[in-house]
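A visitor to the bench has some questions about a protein model. A guide answers them in turn.

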Amino acid sequence: MSKYLADYGDNTNFVDGEGCFLIDKNGKKYIDFLGGWCVSTVGWKHPKMMEVLQSTGNRGFYIPPSYSWPEWESFAKLLADITPGKLQKVFRTTSGSEAVEMAIKIARAATGRKKIVSIDEEYHGHTYGALSVGSALTSAIAPGVPEMLKLPLPNVGNAEDVIAQFEKIASAGDLAAFLGEPVFTNSGTFVPPADFYPRIAEICKQNGTLFVMDEVATGFGRTGKLFASEHWNLEPDIMCLAKGFSGGYATIGATIVTEEVANRVFEKGGYFPYYSTFGWMPDDMIITRKNVELVCELKLWENAESVGKYLLTLLKPLEDLAKVKEVRGIGMLFAIELKDKSLTGKISSEVLKNGLVVDTASPEILFFSPPLIMDKETATKGARILSEVIKKHCS
Ligand SMILES: Cc1ncc(COP(=O)(O)O)c(C=O)c1O
């Protein structure tokens, strides 16, 4: 526990990073299977990113977001070009939580309705709106934002029932939005059945409910597509972005919406609160643009797909162990679910000692999301460290 920082932390003291590795204060190198929890795209200290970092930081001036700057406009156009469907208008934010906050406000303002449905057991951020969707609200900080309804996670053969519950809620005609992740990351990498989201999106359409995809964790190549929504040809009305957006090189997020949704927000005139003083700081934006361009130029979703599949093949045999329930993954997004809640902490600290970084999504789920550039050799070495420790504890 840190003496001066309010949150938890360990005492590894990472001081540097390079490619798919982190380096501690003693110069020890660790394979970074975590990649900053769905953050790392091109890896750490990518030469092209270092060039941009060296060319920025010396601007010496700041432009408030209420003034125009051509770079903002042209980057917003790039986002509109690469995101699925008709997403067109960008609201600038500093983080994923702020992107989700913005989505909630936009959904309410555009529809004139209050209720938002999300999936329980999910995480969408730490600010009041964002923690009121999903399950981050605790009794210590309740009450959250009102009119937030929850559906169960569709991960135990219950998707039909979840869809039926959603249809019942939406058909009342007063639901502003459905807000969810296309692949459920924070609850432990659950991929919904193939027809789950197409049917949720269709119910939204039929009932005047906006369909919001939180791609903060899954966006920019993580799941083997540029955006996870593409797995099922989804065309969200609103999409939230952060994490892999900058690849960890800048503090930035975005909420992108269709022209129609934007028009509905602004058509009534009046005040809509979206001003973010440091949302898309010029340097942050230039750096983020380079990361997005590299993800697209290198088609990193393809490496995520092929090395991800390879890594999953290496780890799948762990399912034969008595205490392993499931090994699952999509692209460079993984979870290993154990039958014993007491083991994930032990396993993650032991693999750390052996030179590999992974995290836990819950007491029984190990979680990792390697940089999208990871090669097979590094993946093999990491899988070996992880397998050895899991075999020791889970046989
Ligand atoms: C799916 C999802 N949405 C939103 C957030 C919040 O993003 P941030 O931590 O940048 O505020 C997270 C963070 O883990 C996330 O995983």
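The questions below go through sheets, a core, a helix pair and two single residues.

Visitor: What kind of model is this, and how are its residues numbered?

Guide: This is a predicted model, in which local features need pLDDT of at least 70, side-chain atom pairs count only at pLDDT 80 or more, and totals for chains, interfaces and linings use all residues. Residues are numbered from 1 along each chain as its sequence is written.

Visitor: Which strands stand at the edges of the open sheet that contains β12 and β15?

Guide: Helices (H or I, at least four residues) and strands (E, at least two) are DSSP runs, numbered from the N terminus. Two strands pair if DSSP finds at least two bridges between them. The order in this open sheet of four strands is β11-β12-β15-β14, with antiparallel pairing. Each edge strand has a single partner, so one side of it is left without a neighbour in the sheet; the edge strands are β11 (324-330) and β14 (359-362).

Visitor: What is the average twist in that sheet from one strand to the next?

Guide: Axes are lines fitted to C-alpha atoms, for helices over the stretch in contact, and angles run from 0 to 180 degrees between N-to-C directions. From one strand to the next, the twist averages 25°.

Visitor: Which residue in the turn between β11 and β12 has a positive phi?

Guide: Strand β12 covers residues 333-338 and is joined to β11 by six antiparallel bridges. Within this pair, I330 stands opposite L333. The two strands form a hairpin with two residues between them, and the turn residue with a positive phi, about 55°, is G331.

Visitor: Which residue of β15 is the bridge partner of S362?

Guide: β14 pairs with β15 (residues 365-368) in the antiparallel sense over three bridges. A hairpin of two residues joins these strands. In β15, S362 has as its bridge partner I365.

Visitor: Which residues of β15 point the other way from I365 and F367?

Guide: In a regular strand the side chains alternate between the two faces of the sheet. A residue is buried if 20 or more other C-beta atoms lie within 10 Å of its own, exposed if 12 or fewer, and partly exposed in between, with C-beta atoms placed from the backbone. I365 and F367 point one way from β15, and all the residues named here are buried; those pointing the other way are L366 and F368.

Visitor: Which residue of β15 stands opposite I336?

Guide: β12 also pairs with β15, through four bridges in the antiparallel sense. Opposite I336 stands L366.

Visitor: Which helix gives the largest share of the largest nonpolar core?

Guide: A nonpolar core is a set of buried Ala, Val, Leu, Ile, Met, Phe, Trp, Tyr and Cys residues joined through C-beta atoms within 7 Å. The largest one has 114 residues, and A103, A107, L210, V212 and V358 have the most contacts inside it. Nine residues, the largest share, come from helix α4 (residues 96-111).

Visitor: How are α6 and α7 oriented to each other?

Guide: The axes of helix α6 (residues 159-170) and helix α7 (residues 196-206) come within 10 Å and cross at roughly 10°. Angles under 35 degrees count as roughly parallel, over 145 as roughly antiparallel, 65 to 115 as roughly perpendicular and the rest as oblique. The crossing angle therefore makes α6 and α7 roughly parallel.

Visitor: How many residues of the α6 and α7 contact are charged?

Guide: Two residues are in contact if their C-beta atoms, placed from the backbone, lie within 7 Å. A159, I163, F166, E167 and A170 in α6 meet F196, R199, I200, I203 and C204 in α7. Ala, Val, Leu, Ile, Met, Phe, Trp, Tyr, Cys and Pro count as nonpolar, Asp, Glu, Lys and Arg as charged, and the others, Gly among them, as polar. By that division there are eight nonpolar, no polar and, as charged residues, two.

Visitor: Is L311 buried or exposed?

Guide: L311 is found in helix α10 (residues 300-315). Not counting residues up to four places away in sequence, L311 touches A379 and A383. With 24 other C-beta atoms within 10 Å, L311 is buried.

Visitor: Which residue in β2 stands opposite D16?

Guide: D16 lies in strand β1 and is partly exposed, with 13 other C-beta atoms within 10 Å. Four bridges join β1 to β2 (residues 21-24) in an antiparallel pair. The residue opposite D16 is I23.
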